[in-house]
Structures are given as structure tokens and as C-alpha cells.
Amino acid sequence: MAKPIVLIAEELSPATVEALGPDFDVVNVDGTDRSALLAALATASAVLIRSATKMDAEAIAASPVLKVIARAGVGLDNVDIKAATTAGVMVVNAPTSNIISAAELTVGHILSLARHIPAAHGALAQGQWKRSKYTGVELYEKTIGIIGLGRIGALITARMQAFGTQIVAYDPYVTPARAQQLGVTLLSLEELLAQSDFITIHMPKTPETTGMISTDQLALMKPTAFIVNVARGGLIDEAALFTALKSGRIAGAGLDVFVDEPPTDSPLLGLENIVLTPHLGASTDEAQEKAGVSVAKSVRLALDGELVPDAVNVAGGVIDPSVRPGIPLMEKLGQVLAGLADGPLTSIEIEVRGEIVEFDVSVLKLAALKGIFSNIVSESVSYVNAPLLAEQRGIAVRLATDAVSEEYRNLLTVRGALGDGSQVSVSGTLTGTKQTEKIVEINGYDVEVPIAEHLIVMIYKDRPGIVAIYGKEFGEASINIAGMQIARQGKGGQALSVLTVDSPVPEELLEKVRKAIKADLLREIDITES
């Protein structure tokens, strides 16, 4: 019987091929040669790529026996995950392969800014001996502000503490207990910006975090402060950063990532008080080898039909067909829960009710956690690291099952307790022959709303005219309301409105509506397909 073909489309370490083992026929192809790639994909069961090979809808369609796309790295911009999921092709990456390399590069940028190392080298290479021009500052007793205290943030914390620094952090999803364990003081974003001597950002890139450091935030910083971004391009507004650096509003910056890469036309390239590197966060021999070996192991698991922990779109392994449709639903419910929470979660309960509990539903707990953390942390979230992310943040997680579901054939619920003692919850189910995903409960209010890409959830005191107010505001802003449902607990009491809209809503408009209807809660929740 012929061995499955594993296609290697880019240069990977010898350890990667060794990790695949002898059970496959390994074929090499230049992934940037489109015709050669498409021809080779016709018989491939798996393909291993890095960043140069595009596995788009056309490439996936040319792969009739393909079971897994493995990206030896973190980013997945060159993989059409939706097309892969539709075709039943698993997508895996190596989410933890570069965290040490990224943390060390961050420290390198901080040291380079503190001591002007790149500029001093450049001057000396041109025969200029300018000791006085490049007088720097010590890190000792300085305040380091970390925006995003995930795994990379924690690694940077440990490394910077060795310099005798004080670490402060902003992360709305980290509990005080976790921060205390790391020896970190939690602050608001504004407090961190005002107090820190060096600031480094480690947040995921979402509509909410894009441009999170702009003119107003840079204005809060000390004129002697430096800011570093090796996480995602666009977290810092590059135009605002240029103005702040050019005017001397802040002392300097270090960037490894950019909105457009390479940033050939960026005015930042002409500044003296900035250190720029060409997206080197994962560019170490160790990170590349870890990434290759990690995805090779995932390929073996996938082709053996076993659970693949680092799958980003589907969970592999022996999962009953009755349970599998609940995986994407539970992941989206997790995203909704994270969107509803206005503070760090201290505990999470995942409840599964109905006839599917006769099967192993543990993957639904993993899916819920994956959804909760997908827009919270900067690193890629998978079925294996989601429980670790909860553990690192001191969040207790519990799975409960019950064969009895009174209203629905199966009911999936995610509940979260917050640090102030309040709770949030969301429930969903699959209905009809098309297994339509619906939300049927939010924070105790009964609703029945199909899950959409953009949801707006509002809670306010029930009174006449509220719908007219927000309907007018959204209409004048050309925000189309595709669907709406209102639920209330009693006449004149609290009411909950859930809207599905066709496009994202600017935060300024949400704030305007929030004030106009005196909402106790008003959130836009964007659902991303895995």
C-alpha cells in the first residue's frame, strides 16, 4: 500500500523531516512556483509551509486528498482557513515556537534604545567617535510597562526583573492573583503610559486594539520614555508615532512589525530616535527548528486520525459526528462571553446538556476556552494551549454535563465569574436540518438570535422610545441592522437588546448610543471564524 505523500513546500530543518518519520513519502517543491505547487498538491495528504507559500482557495481546491496544512510558524496570513475548513482540511501551526525568541528580541530593542547601540555602531563604522552624543540611561530602577501580560509578557517580566526594574502591566483579562504571582503591579492603560520609562506591547491585533496607541496615548507618556512593538503591526498608529518622535514628544521607539511590510515608504525610516528590525521575532535557528518539529508531529497525528492539539480550525481525532458540529458553536459562544466580560475572569464553567453527553464532549470545553482567549492574548490560541492560558491567569475551569435539556435537543452554555463577583453567561444551540447556530440566552435573558459576524448587546432600563433612539443613530451612521430581538425580565425593569449588524460600529458611535439610552451595558462583539 502506497505511503501518504507529505509535501514540503519551503526550506525546513533536517529535524523536521526526521520528526515526520518513515511512514510517509516526503516530496519537496518550491512553494513560490505556483504551477509546480498546484501539480504537487494533486497527490499530497499534507503540506508543510512557512510564510512564502500561499495556500489559498485555488490551492486547496487543487488538493483532492489533502488532510492537513501545516504552517511552521505562528502567523497564518498565507492560509485561507475558511476555505480549508469548508474542504475539511485541518490547519495547524506552531503557536509556542517563537515566544522565547520574541521575548528576547523585545529585550534587545529595550537595550538598544537605552544605550543607542545601533546608532553608535553606525557612527563608528563611518569613522566617527561620538561618545558624548550616545550617552544612554541605565535600566536599573526604571519602570517597565507591559501591555498584554500573556506568555510573552510573562517571559519579558522575568528577564527585565533581572535588571532591577519595576514591572507594571495593563491586561484587563489578568487577575490580581496572577499579577502578584509574577511580581507585577496591574494598572490602567493611562496609568501605565504615564508612569513607565519603557513600554512594550504584546496584544492580539483586533478591531479594538488596532491603533490602540495613538496621539492621545502617546501624549500621556513621559518625554524621556521609549515604546517597543514586536507583536503586531498597527497596534501603534504609525503616523501618530512619527509625529511624537519627530517633535521629541517621546524619546524613542523600537519596531519589529509594521502595517505594511516591508515599510519601504514609511517616514519612520528617516528618524534617528527609532530602532527598526525587519520582522525578526521568530527569526532564530531555535525558533525555526521548534516550529518545524512541532508541525511535523501535528501532521503525524492528523494523518493517524488522532486529536491534534495545535489545530486552529478543527479538532482532529475520534470525535463523534454528533459532537463535532458543536465545536465551532462553542468557540463562538466563548468569543461572546469574552466580549461581555468587563473585567478579568476568575472562573469559567462550560455546561453541556442534552443527548450528546452520552459521547465524549471534552473537546467542547477546549473549544470554549479557545474562543474566550482568541481575541484576548497575543499568541495563537489552540486546543492545547487554551487550558494553559486559563491556568496561567489563575482561572478555574469546570465542565458540567446533564442529559436533560428541557427546551432544546442540546444546549451549550458558557458562564464566567468576574473579579467583582458578577457573572456573565451565554447559551447556544443548533437548530433545524441546516444546524443553524443560534444564541438562546445572554446573562439570564431568553433570546433566539442567529450568530452573526457583528453583534451588539445592550442592557438598559425598559422604557418607551429606546428602540427609536438607537435605530435613528445607527441609521444616520449607515449601519444596517440585519436583525434584532428584545428580551426583558419584567415590565419597567431591565431589558436586553441583541442586534446583528452588517458592518463594524465605530466606538464613538457606540459611546454616543450608550449615553443616549443610559445603557448599563453596550458592547459590540465581533465573531471570527476559526
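**Helix packing, cores and backbone outliers**

The axes of helix H14 (residues 362-374) and helix H15 come within 8 Å and cross at roughly 65 degrees. This geometry, like every value below, comes from a predicted model. The crossing of H14 and H15 is left-handed. On the H14 side, the contact is made by Leu366, Leu369, Lys370 and Phe373. Their partners in H15 are Ala386, Pro387, Leu389 and Ala390. By class, this contact of H14 with H15 holds seven nonpolar residues, one charged residue and no polar residues.

Helix H15 (385-392) also takes part in the packing of helix H7. The buried residues of H7 are Arg151, Ile152, Gly153, Ala154, Ile156, Thr157 and Met160. These residues pack against H15, helix H5, helix H8 (176-182), strand S6 (143-147) and strand S7 (166-170).

The pairing of H5 with H7 can be described in detail. The axes of H5 and H7 (residues 151-161) come within 9 Å. They cross at roughly 50 degrees, which makes H5 oblique to H7. The crossing is right-handed. From H5, the contact draws on Ile99, Ile100, Ala102, Ala103, Glu104, Thr106, Val107 and Ile110. From H7, it draws on Ile152, Leu155, Ile156, Arg159 and Met160. The residues of this contact divide into ten nonpolar, one polar and two charged. Ile152, Ile156 and Met160 of H7 meet H5, and these three residues are among the buried residues of H7.

Ser112 is also found in H5 (residues 99-115). Ser112 counts as buried because its relative accessibility is 15%, under the 20% limit. Not counting residues up to four places away in sequence, Ser112 touches Ile117, Pro118 and Val275. Val275 belongs to strand S12 (274-276).

A third helix pair is formed by H16 and H17. The axes of H16 (residues 466-476) and H17 (residues 507-516) come within 10 Å and cross at roughly 160 degrees. H16 is therefore roughly antiparallel to H17, as the angle is over 145 degrees. The crossing of H16 and H17 is right-handed. H16 contributes Ile469, Tyr470, Glu473 and Phe474 to the contact. H17 contributes Leu509, Lys512, Val513 and Ala516. Six residues of this contact are nonpolar, two are charged and none is polar.

Gly471 lies in H16 as well. Its relative accessibility is 29%, so Gly471 counts as partly exposed. The C-alpha atoms of Gly471 and Val513 are separated by 9.6 Å. Along the chain, these two residues are 42 residues apart.

The interior was examined next. The largest nonpolar core has 50 residues. Met330, Leu364, Ile372, Phe373, Val414 and Ile439 touch the most other members. Helix H13 (residues 326-340) supplies the largest share of this core, with eight residues. Apart from this core lies another, of 29 residues. Its members include Leu189, Ile213, Leu235 and Ile274.

Two residues of the largest core deserve a closer look. Phe373 is among those touching the most other members, and Phe373 also meets H15 from its place in H14. Ile439 touches Leu333, Val336, Val426, Ser427, Gly428, Val447, Glu448, Val449, Ile451 and Leu455, residues up to four places away in sequence not being counted.

Some backbone features stand out. Most residues other than glycine have a negative phi, and most peptide bonds are trans. A cis peptide bond joins Glu261 and Pro262, with omega about -5 degrees. Pro262 lies in the loop between strand S11 (252-255) and S12.

Positive phi values occur at Ser478 and Lys518. Phi of Ser478 is near 60 degrees. Ser478 is found in the loop between H16 and strand S20 (481-488). Phi of Lys518 is near 55 degrees. Lys518 lies in the loop between H17 and strand S22 (521-526). Ser478 counts as exposed because its relative accessibility is 64%. The value for Lys518 is 64%, so Lys518 counts as exposed too.

Terms used. Residues are numbered from 1 along each chain as its sequence is written. This is a predicted model: local features need pLDDT of at least 70, side-chain atom pairs count only at pLDDT 80 or more; totals for chains, interfaces and linings use all residues. Side-chain values use heavy atoms; hydrogens and water are left out. A nonpolar core is a set of buried Ala, Val, Leu, Ile, Met, Phe, Trp, Tyr and Cys residues joined through side-chain atoms within 4.5 Å. Buried means under 20% relative accessible area, exposed over 50%, partly exposed in between (1.4 Å probe, protein chains only). Helices (H or I, at least four residues) and strands (E, at least two) are DSSP runs, numbered from the N terminus. Contact means heavy atoms within 4.5 Å. Axes are lines fitted to C-alpha atoms, for helices over the stretch in contact, and angles run from 0 to 180 degrees between N-to-C directions. Angles under 35 degrees count as roughly parallel, over 145 as roughly antiparallel, 65 to 115 as roughly perpendicular and the rest as oblique. A crossing is left-handed if the near helix is turned anticlockwise from the far one by less than a right angle, and right-handed if clockwise. Ala, Val, Leu, Ile, Met, Phe, Trp, Tyr, Cys and Pro count as nonpolar, Asp, Glu, Lys and Arg as charged, and the others, Gly among them, as polar.
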